[in-house]
Amino acid sequence: MLKAIGLMSGTSLDGVDVALIETDGEHIGAFGPTGYRAYADNERELLRRALADAASVTQRDARPGILADAERLVTRAHADAVENFFQTNNLSRDAVDVVGFHGQTVLHRPEQKLTMQIGDGRALAASLGVPVVFDLRAADVAAGGQGAPLVPVYHSALVRMLARSGPTAVVNIGGVANITYIDGETLIACDTGPGNALLDDFMLRRTGKAVDRDGEAAAKGRTDGEWLAKALRRPFFTAPPPKSLDRNDFATLTVDSMSTEDGAATLTAFTAASIAMIAPRLPQIPENWIVVGGGASNPTLMRILGERLAPATVTRGSDLGWSGDAIEAQAFAYMAVRSLKGLPLTFPGTTGVAAPHTGGVLAKP
Ligand SMILES: Nc1ncnc2c1ncn2[C@@H]1O[C@H](COP(=O)(O)OP(=O)(O)OP(=O)(O)O)[C@@H](O)[C@H]1O
Ligand SMILES: CC(=O)N[C@H]1[C@@H]2OC[C@@H](O2)[C@@H](O)[C@@H]1O[C@H](C)C(=O)O
């Protein structure tokens, strides 16, 4: 078993998640500590500007506008996060075999063979003195896959440990939401639609804080059924998997004419309803849905999701002993070890790549 640290800075732009696991790339031997390094408001603002500047990029190594600054910030924030993690957990860097570094997605257009994660893997390896595996999406996209979602290979390892029978779905509600369907050897995955990003962006504009904390605003509002029905008519929602999204693919769907409460309720219902829309496109309707990611901490979203998915059971991953917030970071630790071993990260059922495919680039310190 190797000791691996995974690092994820997701589309919510909230911060860097850190997690240590022990794994041989197949089985999970042990779950280690987890950590988090939030972005300061000015850092988050820089990342938001980077998303805007990335929108016109056509080459994945181009860094116009603010992107070079943003990339330095991402690298530095991840180095800080790991140094802090070493100190807090009294860990020596020599005890860690590899770091899996996702970076920050600023653009995702797989149909143009373009997916761009900023963050300098070589600089991170040099700064930490630990081997770093980075650029984990590019090989899949180059081979014709969606390059996302990548976490299904890890969700499937977690579900195997539960030793359940029958189809199970793991739903990750981050900035974008995605699902992994597991039934025996069958593994199917895709992004389902918005996660928290639309709601976060709306709340930021209305309140100056990029979150509807505990779903409080949404709980007081009324969903605009007409708006929701229209939004759900986008062809993305009836397309079968595999499919993936850029964070801002639905950014033009705004609820700015509504009150804060009604807008939050409508966007929360949009996330739940779009997740439920994947059910009939799976081989069987899952009996059990396990929800992970930040959205699992939003009780209003969880309530609406439970209503939409009934009579199936909806459980939070944290109630099964899974890490609430660090599953994606754990997944990148797991993928780093798989990458070192040349094992596949993506599969025809998860990204649409023609054959199981490995990925990642190794930077030695
Ligand atoms: N208590 C809470 N109440 C409401 N929303 C919450 C709460 N805690 C977290 N969230 C939501 O979860 C988001 C963070 O989710 P997460 O950390 O899974 O995102 P991410 O790592 O960016 O994910 P991804 O890479 O999957 O997009 C926050 O931006 C917020 O919208
Ligand atoms: C391109 C990109 O970074 N996509 C993210 C995003 O956030 C959630 C969803 O959209 C998922 O497809 C992916 O992240 C997770 C970690 C994944 O690849 O599984």
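**Exercise 1. Find the residue of β4 that is the bridge partner of A4, then describe how β4 is paired and how far it is enclosed.**

Step 1. A4 has V98 as its bridge partner in β4. The model is predicted: local features need pLDDT of at least 70, side-chain atom pairs count only at pLDDT 80 or more, and totals for chains, interfaces and linings use all residues. Residues are numbered from 1 along each chain as its sequence is written, and side-chain values use heavy atoms, with hydrogens and water left out.

Step 2. Strands (E, at least two residues) and helices (H or I, at least four residues) are DSSP runs, numbered from the N terminus. Two strands pair if DSSP finds at least two bridges between them. Strand β1 (residues 2–9) pairs with β4 in the parallel sense, over five bridges.

Step 3. β4 and strand β6 (residues 132–134) run parallel and are joined by three bridges. Here V99 has V132 of β6 as its bridge partner.

Step 4. β4 and strand β5 (residues 114–118) run antiparallel, with five bridges; Q104 has I118 of β5 as its bridge partner. Four residues lie between the strands of this hairpin, in which K113 takes a positive phi near 55 degrees.

Step 5. Buried means under 20% relative accessible area (1.4 Å probe, protein chains only). Strand β4 (residues 98–109) is largely enclosed by the rest of the structure, because 11 of its 12 residues are buried.

**Exercise 2. State which domains the chain has and how many residues of each are in the contact.**

Step 1. The domain assignment, automatic or from a database, gives domain 1 (2–147 + 338–363) and domain 2 (152–320).

Step 2. Taken over C-alpha atoms, the centres of domain 1 and domain 2 are 23 Å apart. The contact (heavy atoms within 4.5 Å) takes 22 residues from domain 1 and 24 residues from domain 2.

**Exercise 3. Work out which elements line the second largest pocket and where the pocket lies.**

Step 1. A pocket is an open set of points on a 1 Å grid over the protein atoms alone, where a 1.4 Å probe fits, with protein on both sides within 12 Å along at least five of seven lines; lining residues have an atom within 4 Å of a point. The second largest pocket holds about 400 Å³ of space. It has 17 lining residues, and S156, R160, I182, G184 and E185 are the closest to its centre.

Step 2. α5 (152–162), β8 (176–183), β9 (186–194) and α11 (327–340) each supply at least two lining residues. α5 gives the largest share, four residues.

Step 3. Domain 1 and domain 2 both give residues to this lining, so the pocket lies between them.

Conventions: Chains are lettered from A and ligands numbered from 1 in the order in which they are written. Buried means under 20% relative accessible area, exposed over 50%, partly exposed in between (1.4 Å probe, protein chains only). Grid points are joined across faces, edges and corners, and a volume is the space filled by probe spheres set on the points.
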